[in-house]
Amino acid sequence: MDNKWIYVCMYLCMQVTTADGYILSLQRIPRGRGGGAAGGRGGGGASSSRAGQPVLLQHGVLVDGMSWLLASPEESLPFILADRGFDVWIANNRGTRWSRRHVSLDPSSRLYWNWSWDDLVVNDLPAMVDFVNTQTGQKPHYIGHSMGTLVALAAFSEGRVVDQLKSAALLTPVAYLAHITTPIGILLAKAFVGEALSDLLGVAEFDPVAPPVTNLIRAFCRRPGMNCYDLLGSITGKNYCLNSSAVDVFLKYEPQPTSTKTMVHFAQTVRDGVLTKYDYVLPERNIASYGQAEPPVYEMSGIPAGFPLFLSYGGRDSLADPADVRLLLQDLRGHDRDKLTVQYLDQFAHLDFIIGVCAKDYVYKDMIAFLNRFN
C-alpha cells in the first residue's frame with residue numbers, strides 16, 4: 001500500500017493554495033499509468049505522455065485521497081480511470097495528512113481549524129477545479145464520494161464551478177441527513193457531542209483516533225442497545241462486497257482528522273432536516289456572517305438543469321440513506337432527462353462504492369460510460 005501511494009507521488013504531487021491560505025495537495029496519475037506497477041497497462045511509449053481527459057476525485061469526511069486507493073490496483077478507481085485514458089487528479093481536503101499546511105497558521109492552533117464544510121464549498125473546491133483546469137487546459141469531470149458529493153452539490157446549487165466542469169459523478173450522494181440510520185451517528189448528533197467537544201473541552205480538531213474522541217465513543221458504545229463490535233459497519237451500513245482485508249487496510253490508513261466545526265455542521269443537518277450553511281445559533285452571529293438571523297439554505301433545485309449528473313446510491317447505506325437521496329431526486333425533478341443518470345444498488349452500503357471488490361463491475365463501468373458521453 002505504501003508503495004502504491006509512492007507510485008502515485010512518483011508522477012506528480014502538486015499543491016494549490018486556497019483564497020483563505022490553506023495549502024492543499026493533489027496527486028496526479030496520467031493516462032495509461034494505471035495497474036499499480038510502473039508502466040502499467042498502456043504505460044510507457046508515446047501514448048502515455050499525452051494528457052487524457054482530466055477527472056478530479058474528491059473523498060469524503062474523516063478520510064483523505066488515499067481512500068480511493070485502498071482496494072487492489074485492479075479494483076481502485078483512480079487506476080481503472082487511468083487505464084482507460086483519463087488524466088486522474090486526487091484531491092486531499094484541508095486538515096488531512098497531505099494538506100495540513102497554511103500560509104500563516106499552524107495545525108496546533110484553534111484558528112487553523114476554524115472552518116466547516118462551507119469553506120470547502122467556497123474555497124477548496126473552486127481552488128482545486130481551477131488548478132486542474134489551468135494545468136490541463138481542459139474542463140475536468142468531477143467524481144465525489146460522501147462529503148465529496150455534499151460539497152459539490154452545495155457548490156452547484158450556488159452556481160459555483162459548474163462552468164468549469166464537464167460533468168459530476170456522485171457516489172453515495174449526500175444532501176439531506178434526516179433519515180440516517182447509523183445508531184452512533186444519531187446519538188452523537190442528538191447529544192450535541194460536537195458542541196461539547198468544541199465549547200466545553202476546547203477541541204477544535206476532530207481526530208477520530210485521539211483520546212478526546214475515542215473516549216467519548218467508548219462511553220457511547222457501553223450504552224444499552226449500542227453494538228460497536230463492528231463499528232465500521234454500524235456507521236456505514238452493512239457493506240455488500242468488502243472483504244476482511246479491505247477493512248483491515250482501511251483501518252490502517254484511515255480515518256483522518258477534520259474540524260470539530262464540520263462535525264457540528266453535520267449534526268445540525270441531521271437534527272434540522274434541512275441543508276443550510278453553518279448555524280452559529282445566536283442570531284447576531286448569523287447576521288454578521290450571512291446578513292440574516294437564520295443560516296441560508298442550499299437549494300438543490302438551483303443546480304443548473306443542463307449540467308450532467310450521475311448519481312449512484314445503495315439500499316443499505318446508513319449515511320446516504322435512500323430516503324434522503326429520494327428527497328434530493330425530488331429537488332432534481334426539473335433536471336434535463338438526458339443529463340441526469342441515476343443508479344440504485346439495493347445491496348450496497350457506504351464503503352462499497354470506493355473499496356468494495358465488486359464496485360468496478362456494478363458502479364465504475366456505468367459511471368465511466370456516463371463520463372465518456374460528455375468527453
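Helices and strands here are DSSP runs, numbered from the N terminus, with at least four residues for a helix and at least two for a strand. The model is predicted, so keep that in mind as you work through the exercises.

**Exercise 1. Place V61 in the fold and work out what surrounds V61.**

Start with the element. V61 sits in the loop that runs between β3 (53-58) and α2 (77-83).

Next, check the accessibility. The relative accessible area of V61 is 22%. Buried needs a value under 20% and exposed a value over 50%, so V61 comes out as partly exposed.

Now look for contacts, skipping neighbours within four places in sequence. That leaves M147, T258, T262, M263 and F266 in contact with V61.

Finally, try a C-alpha to C-alpha distance: V61 and S146 are 7.1 Å apart in space, with their positions 85 residues apart in sequence.

**Exercise 2. Find the disulfide and say which parts of the chain the disulfide ties together.**

Step one is the count, and there is one disulfide. The partners are C241 and C358, with an S to S distance of 2.2 Å.

Step two is the handedness. The angle about the S-S bond is -85°, and the link of C241 and C358 is left-handed.

Step three is location. C241 is in the loop between α8 (231-236) and α9 (244-253), while C358 is in the loop between α13 (352-355) and α14 (359-373), so the bond ties together parts 117 residues apart in sequence.

Last, are these two cysteines buried or exposed? Both C241 and C358 are buried. As a side check on another cysteine, C13 has 40% relative accessibility and counts as partly exposed.

**Exercise 3. Describe how α3 packs on α4.**

Take the geometry to begin with. Helix α3 (residues 117-136) and helix α4 (residues 147-157) have axes 9 Å apart, at an angle of about 70°. Angles of 65 to 115 degrees count as roughly perpendicular, and α3 and α4 are therefore roughly perpendicular to each other.

Then list who touches whom. From α3 come W117, L120, V121 and L125; from α4 come M147, L150, V151, A152, A154 and A155.

Sort these by class and you get 10 nonpolar residues, no polar ones and no charged ones.

**Exercise 4. Trace three of the salt bridges and give the accessibility of each partner.**

The structure has 10 salt bridges, so pick the pairs one at a time.

Pair one is R94 with D20, at 3.0 Å from N to O. R94 lies in the loop between β4 (86-91) and β5 (101-102) and D20 in the loop between β1 (12-17) and β2 (22-29), so this bridge ties together parts 74 residues apart in sequence. R94 is buried at 1% relative accessibility, whereas D20 is partly exposed at 28%. Follow the bridges on and you find D20, R94 and D124 linked in a network.

Pair two is E158 with K277, whose closest N and O atoms are 2.7 Å apart. E158 is in the loop between α4 and β7 (167-171), K277 in the loop between α10 (260-272) and α11 (283-290), and 119 residues separate the two. E158 is partly exposed at 34%, and K277 is buried at 13%.

Pair three is E195 with R271, at 2.9 Å from N to O. Here helix α6 (residues 193-200) supplies E195 and helix α10 supplies R271, 76 residues apart. E195 is buried at 17%, and R271 is partly exposed at 25%.

Note on methods. Residues are numbered from 1 along each chain as its sequence is written. This is a predicted model: local features need pLDDT of at least 70, side-chain atom pairs count only at pLDDT 80 or more; totals for chains, interfaces and linings use all residues. Side-chain values use heavy atoms; hydrogens and water are left out. A disulfide is a pair of cysteine sulfur atoms within 2.5 Å. Buried means under 20% relative accessible area, exposed over 50%, partly exposed in between (1.4 Å probe, protein chains only). Contact means heavy atoms within 4.5 Å. Axes are lines fitted to C-alpha atoms, for helices over the stretch in contact, and angles run from 0 to 180 degrees between N-to-C directions. Angles under 35 degrees count as roughly parallel, over 145 as roughly antiparallel, 65 to 115 as roughly perpendicular and the rest as oblique. Ala, Val, Leu, Ile, Met, Phe, Trp, Tyr, Cys and Pro count as nonpolar, Asp, Glu, Lys and Arg as charged, and the others, Gly among them, as polar. A salt bridge is a side-chain nitrogen of Lys or Arg within 4 Å of a carboxyl oxygen of Asp or Glu.
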